[in-house]
Every structure is written in C-alpha cells, then in structure tokens.
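Work through the exercises below with the sequence and the coordinates at hand. Each task is followed by a stepwise solution.

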Amino acid sequence: MKKKIIVENFGNGHAIVVIEQNRIIDLFLDPPKNANFYPPRTLLTAKIDRRISSMGGYFLKLPNGLEGFLKSRRHYEEGSSINVLSKVFYDPSKPQMFTDKLKRISKYFVIELGKHGFSYSKKLAKDFKKHELSSYVSYALKKH
C-alpha cells in the first residue's frame, strides 16, 4: 500500500494531507492568515513575557505576535525562550493556553519530548509483538 503526501500553501504555512488508497488518513494544518490561535498540539517556541504567580503561570509572547498563557510549576526567567505545546483554544477573548509538558501522540506511540523512552498507544492490537520493536525504537529515539 502506497501512501501519498500532498503539501500545499495554506495560511501562514502549509496544509499537509496523507492519503492511502484514495482516503485521507492524516491531515496537518498551519493556522490560517491572521488567526488568533494555534491548532491544538502545535509545537512552537515562545518567549516568557511575565510571571503571574496568583494564576500559577506565565504570559507568553507568541511567534504570531499575540499573547498566550502557560500554566506551569517550573521556574522560567522573563525573556527566555521555551518550547511549548498548544492546548485546545476555546475562548477568543482570552489568551490561548499552552503547556510545557511536550508530548506527541501517534497511532502507535506516545513520546514525551525531553524524557527518555516511550510508551505504546492503547490502539495497538493485542497480538502486536511490542518487545521486538522496542529496541529499534529506543535506538531511533537516541539518534535524534
């Protein structure tokens, strides 16, 4: 089965569609032009603007020029750049929420960035031989 990847200009960046047997199996979208949000689970680098201790987090300066909010127990210096992951955007009158717990979830794996190791998705078939794949995946993660 051959997969086809289509990349087109969209908004500030691109739309990427993965097609298999004439069916869309995955879709990635950059935010549209002048959007006031980042799609959920978007990884980006933001700058710490100021700490709000009463809310337990930080206001962020985002690459799109807008403001976001990071709820975190970690300590960051004002002006420092950090990697964050966008959360679901639900209120256009408030800054979008972000997390510093970077995690990518795919059909088969859950990978937490900045930590060693990975876990398998619950979507795997019961008869899947995890132990045969574990050493290969561990090696591939160490290379990157």
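The exercises deal with salt bridges and with one loop serine.

The model is predicted: local features need pLDDT of at least 70, side-chain atom pairs count only at pLDDT 80 or more, and totals for chains, interfaces and linings use all residues. Residues are numbered from 1 along each chain as its sequence is written, and side-chain values use heavy atoms, with hydrogens and water left out.

**Exercise 1.** Find which residues salt bridges join into one network.

Step 1. The whole structure holds 3 salt bridges (a side-chain nitrogen of Lys or Arg within 4 Å of a carboxyl oxygen of Asp or Glu).

Step 2. Arginine 50 pairs with aspartate 49 at 2.8 Å, N to O, and with glutamate 67 at 3.2 Å. Glutamate 67 belongs to strand E6 and arginine 50 to strand E4 (residues 43-52), so this pair ties together parts 17 residues apart in sequence (strands are DSSP runs of at least two residues, numbered from the N terminus).

Step 3. Aspartate 100 bridges to arginine 74, with the closest N and O atoms 3.9 Å apart.

Step 4. Shared partners join Asp49, Arg50 and Glu67 into one network.

**Exercise 2.** Decide whether serine 72 is buried or exposed, and list its contacts.

Step 1. Serine 72 sits in the loop between strand E6 (67-71) and strand E7 (81-86).

Step 2. Its relative accessible area is 11%, so serine 72 is buried (buried is under 20%, exposed over 50%, partly exposed in between, with a 1.4 Å probe and protein chains only).

Step 3. Beyond neighbours within four places in sequence, serine 72 is in contact (heavy atoms within 4.5 Å) with Gly56, Gly57 and Asp100.

Terms used
Helices (H or I, at least four residues) and strands (E, at least two) are DSSP runs, numbered from the N terminus.
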